[in-house]
Amino acid sequence: MKNRKVLISLFALIVFSVIIYNCSGSGSSGDFSDAASKVYVAPGSYDEFYAFLSGGFSGQVAVYGLPSGRMFKEIGVFSQDPETGYGYSEESKAMLMTSYGFIPWDDAHHPSLSMTSGEQDGRWLFINGNNTPRIARIDLRSFETVEIIETPNSGGNHASPFVTENTEYVVASTRFSLPIPNKDVSISSYKENFTGTVSFISVDKESGKLDLAFQILVPGFNYDIARPGKGHSHGWAFFTSYNSERANTMLEINASQNDKDFIAAVNWKKAEEYIKQGKAKTMEAEYYRNYYDAEKQTAYSEVNRKVLVLNPKDCPGMIYYLPTPKSPHGVDVDPTGEYIAAGGKLATVIPVHSFSKMIKAIEEKQFDGDVEGIPILKYDKVIAGEVEDPGLGPLHTEFDGDGYGYTSAFISSEIVKWKIGTWEVVDRIPTYYSIGHLMIPGGDTKKPWGKYVVALNKITKDRYLPTGPELTQSAQLIDITGDKMKLLLDFPTTGEPHYAQAIPAEILMKNSKRIYELEKNKNPNAVKSEKETRVVRNGNEIRVYMTASRSHFKPDNIEGIKVGDKVYFHVTNLEQDWDIPHGFAVKGLNNGELLIMPGQTKTILWEPKKVGIFPFYCTDFCSALHQEMSGYIRVSPAGSNVPVSYNK
Amino acid sequence: MKKHFLVFLIIVAVSACGENKKEASSASSGTEKLAQKFGLTVFEYENGIGPIKEKLELGQIDLIKAKSGEKIFTEKCTQCHKLDERYTGPALRDVTTRRTPEFILNQILNPEEMTKRHPEVKKLLATYPTQMTYQNVSLDDAKAILDYFRSVNK
């Protein structure tokens, strides 16, 4: 009897599966039943890829899973993060120091994964700060920002931080040229006084430490986006530029006059030779490098005052200009390193230059004049082909590793797929709307993982529930495994998803940090057991050395604090198991909270302004008795005689 | 439909358990029956679940080890455990009387699985509602803590 029921159930299950199967793949637009199964990651299962989407003007990086589009984490990079205390805690404040003082925000555009032999190695993620030129390095074991270096002699650090084949350098340049060194001049003296720079920031092979290796002075155009070469073009880096008109006002009209602007091809190996030959000049420049000391769990700043500068006039053969139609924006190098595709945002074609033709043209001196000593190569001697009818406003190209390029077209809101070699468009798909960058996992490396392209859209009007005047920006996941691209999923993003990178989950997962080992915690303010907890007064400075564990703080009653004191809470989380952070906040704290990972010590400064009793508590739901994890601080009037006391 | 599927699963599960069942059906003593009831072996029931899978030869208390055990205990355990006072977790002065040495080691090294599967530890979670965690100690560290517990149980 029971067996019969089981058999009936099994039969029902088979019929059900057949029905489901037949529902799928009808191909009509608006039928996403097939798409749903392709992005469905069952509860408890993992995504195939980690995706790192920049937050643009949020100044952060957000971590998502693909294909599900589920968001896992927001990483504080250039913006303070009150949730974790990043940029608020005493240990992390130094990370946001610059030569202009403490800056709590920036505009973060291009996440860029470290590479070895042109392939993703899963060690670091770099990202640029656009507004106050900086480059950050995120450690992919902890998913935390561990270094930020300022780039001096720069305005608008947009073409950054693209990585050379073995992460020898991350590159940068000036979108906004400036007087170098900066000085008080009339803006209308642009043509005589303004100069651009191209920067090469070296990355230490072992530690990842960033160093501004050298800068190259270049004519005062707007250098927009960059890509280093790979394979046989390794050793070169390509920077697009617009405003070869050198306009200093109303650029939308005045910088759109010339038929062609330039891609600057920089031979950085040659630059290294010139430095060895002593051709570089040392220039005064103040710039910060902030780094996180993993042992001390504390960020420190160092101020650098010198930079090596090369002038192309002294360094023949170091830079060439490739004429490129109409204010090119993107410049992308295919996986073989041979083809350099430009996104001429006002152009009617996608010009694709050939690296070997470029080398030949240089050898044959096929020049069409020069700009300040930088030879201009003849367009027809370097061009490999032009992709016609690429949509309006082509911007960026990524590659699938199977011989196709995918280019985003901002104005016509679409992705066009074209074949390398024949340059014909083979497919196109609308995006919703105004796509900027697009991203194929590994699509900028020698070994693209393919499978998906992600559209990063600026506008989502009518795509989601309205949320007042400001609407979410979005990403769209598109299947590229077949001949036709197929939209699978829309997902909203935090901030502006300007650009992104994705990497197979298995490369990162195995290295993911779980705890900070207490034995290795060398934070000078750490307390390793409740026995060591204490409150110490030194003048008007109070230091509370506190521990947190489920479900209490030690000490949890503190007296003898006075109005006008500076109270530093040094809180150590004594837990040693994964995923047990504790939070800390006190009433009236004019600051972010602390979110302290297992085995970590963090410090927050509180300056009490009123007399009375002030509760503090754990803000991260840590245990069944989380509500009990609290305490009181007594604040007495300035000048009172209440002695410091606390319980243990 | 759901119900049928459940029945099906139970049948599969039960038939997969066949071997254990046979072994256990020959059990006669009370402990064996209890262990069987909770899906544990007799060793697991008496000595806990974890990396310690057989009885250990314990010699004299090593006082040097006990001393280092006290240091580890102070740094990694005292936020939850005191010797003579109920705290986040139970008082531990007499823990070597209440539990076998192997049970103590397994509880230190594998607390989450112990809480999920061992009836005695399940009871503890009902009394002390904070899940004990693995505090990133090695087997040697745990053995030192055990010697410390032995040295203080007078």
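**Exercise 1. Helix packing in chain B**

Determine how helix 7 of chain B and helix 10 of chain B are oriented to each other.

*Solution.* The model is predicted.

Step 1. Take the axes of helix 7 (residues 101-109) of chain B and helix 10 (residues 139-152) of chain B: they come within 10 Å. They cross at roughly 130°.

Step 2. Classify the angle. Over 145 degrees would count as roughly antiparallel, and 65 to 115 as roughly perpendicular. The two helices of chain B, 7 and 10, are therefore oblique to each other.

Step 3. Add the hand. Helix 7 of chain B makes a right-handed crossing with helix 10 of chain B.

**Exercise 2. The contact residues**

Which residues of helix 7 of chain B meet helix 10 of chain B?

*Solution.* Step 1. Helix 7 of chain B contributes Pro101(B), Ile104(B), Leu105(B), Ile108(B) and Leu109(B). Their partners in helix 10 of chain B are Leu139(B), Ala142(B), Lys143(B), Ile145(B), Leu146(B) and Phe149(B).

Step 2. Sort the residues of this contact by type: 10 are nonpolar, 1 is charged and no polar residue takes part.

**Exercise 3. A sheet in chain A**

Which strands of chain A stand at the edges of the sheet ordered 29-30-31-32?

*Solution.* Step 1. The sheet is open, has 4 strands and pairs antiparallel.

Step 2. Strand 29 (435-439) and strand 32 (486-493) of chain A each have a single partner strand, so one side of each lacks a neighbour in the sheet. These are the edge strands.

Step 3. Neighbouring strands of this sheet are turned by 25° against each other on average, direction ignored.

Step 4. Inspect one pair. Strand 29 of chain A runs antiparallel to strand 30 (residues 452-457) of chain A, joined by 3 bridges. Ile435(A) stands opposite Asn457(A) in strand 30 of chain A.

Definitions and conventions. Residues numbered from 1 in each chain as written. Chains lettered and ligands numbered in written order. Predicted model: local features only at pLDDT ≥ 70, side-chain atom pairs only at ≥ 80, totals over all residues. Axes fitted to C-alpha atoms, helices over the stretch in contact; angles between N-to-C directions. Parallel < 35°, antiparallel > 145°, perpendicular 65-115°, else oblique. Left-handed = near helix turned anticlockwise from the far one by under 90°. Contact = placed C-beta atoms within 7 Å. Nonpolar A, V, L, I, M, F, W, Y, C, P; charged D, E, K, R; others polar. Pairing = 2+ DSSP bridges.
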